[in-house]
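Work through these short exercises with the structure in view. Each task is followed by its solution.

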Amino acid sequence: MSQEELQNENINKIITIINKAIKKCPLYEQQQNYLLESRKIVLFNEALKDQISKCQDEIRLLQKELAQPSKKLRRKAIEISKKYKCSNCEKNYGSEASLNLHCKIKHTFSETDSKTQIDHSFQI
Ligand SMILES: [Zn+2]
């Protein structure tokens, strides 16, 4: 008998022993293919291991990014939606703070002009 045949015989013996033991279990169901079910579980475990290692890779990447706070990720100008429109000119900004800064720098004079105009209109 070759070594391969001997190995197969041993495996068959083990399967026979396991099958006998399974049939003695109180929850044993005859229509269930336990060998197939155990293979499914092995495959499912492999898929889970794969997902776990992917998550661990992501965690490592995120920890690297956190460890380097100087490298701040900035959005590109195209990615920012510029919903804050200047009422004095055609400029658009991504935040109220940016728009306010723009107005302070570019339109300070016209703003005070309009304010003084309003003040005058209240005078009788
Ligand atoms: Zn403006």
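**Exercise 1. Lay out the chain.** State the order of the elements from the N terminus on.

Solution. The model is predicted. From the N terminus on, the order is α-α-β-β-α-α. That makes 4 helices and 2 strands in the chain.

**Exercise 2. Check the length of helix H1.** Compare the expected span of H1 with the distance between its end C-alpha atoms.

Solution. H1 covers residues 3–24, which is 22 residues. Take 1.5 Å a residue, applied to one less than the number of residues. The expected span is then 32 Å. The end C-alpha atoms of H1 are 32 Å apart, so the two values agree.

**Exercise 3. Do the same for helix H2.** Find the expected span of H2 and set it against the model.

Solution. H2 runs over residues 34–67 and has 34 residues. At 1.5 Å a residue, H2 should span 50 Å. Its end C-alpha atoms lie 49 Å apart, which agrees.

**Exercise 4. Judge burial.** How many residues of H2 are buried?

Solution. A buried residue needs 20 or more other C-beta atoms within 10 Å of its own. In H2 the number buried is 0, so the helix lies largely in the open. H1 is hardly covered either, with a buried count of 0 among its 22 residues. Now take the whole chain: buried residues make up 0% of its 124 residues.

**Exercise 5. Classify two residues of helix H3.** Is Glu 96 buried or exposed? Treat Ala 97 likewise.

Solution. Glu 96 lies in H3, which covers residues 96–106. The cut-off for exposed is 12 or fewer C-beta neighbours. Glu 96 has 10 other C-beta atoms within 10 Å, so it is exposed. Ala 97 also sits in H3. With 10 C-beta neighbours inside 10 Å, Ala 97 counts as exposed.

Next, look at partners along the chain. Glu 96 and Lys 82 are 14 residues apart in sequence, and their C-alpha atoms are 9.9 Å apart. Ala 97 and Tyr 84 are 13 residues apart along the chain, with 9.5 Å between C-alpha atoms.

**Exercise 6. Weigh the confidence.** Which element has the lowest mean pLDDT?

Solution. Start with the chain: the average pLDDT is 83, and 83% of the residues score at least 70. Then compare elements. Helix H4 (residues 108–121) has the lowest mean, 53, and H2 the highest, 92. Where pLDDT is low, the predicted coordinates should not be read in detail.

How values were computed
Residues are numbered from 1 along each chain as its sequence is written. This is a predicted model: local features need pLDDT of at least 70, side-chain atom pairs count only at pLDDT 80 or more; totals for chains, interfaces and linings use all residues. pLDDT is the predictor's confidence in each residue, from 0 to 100.
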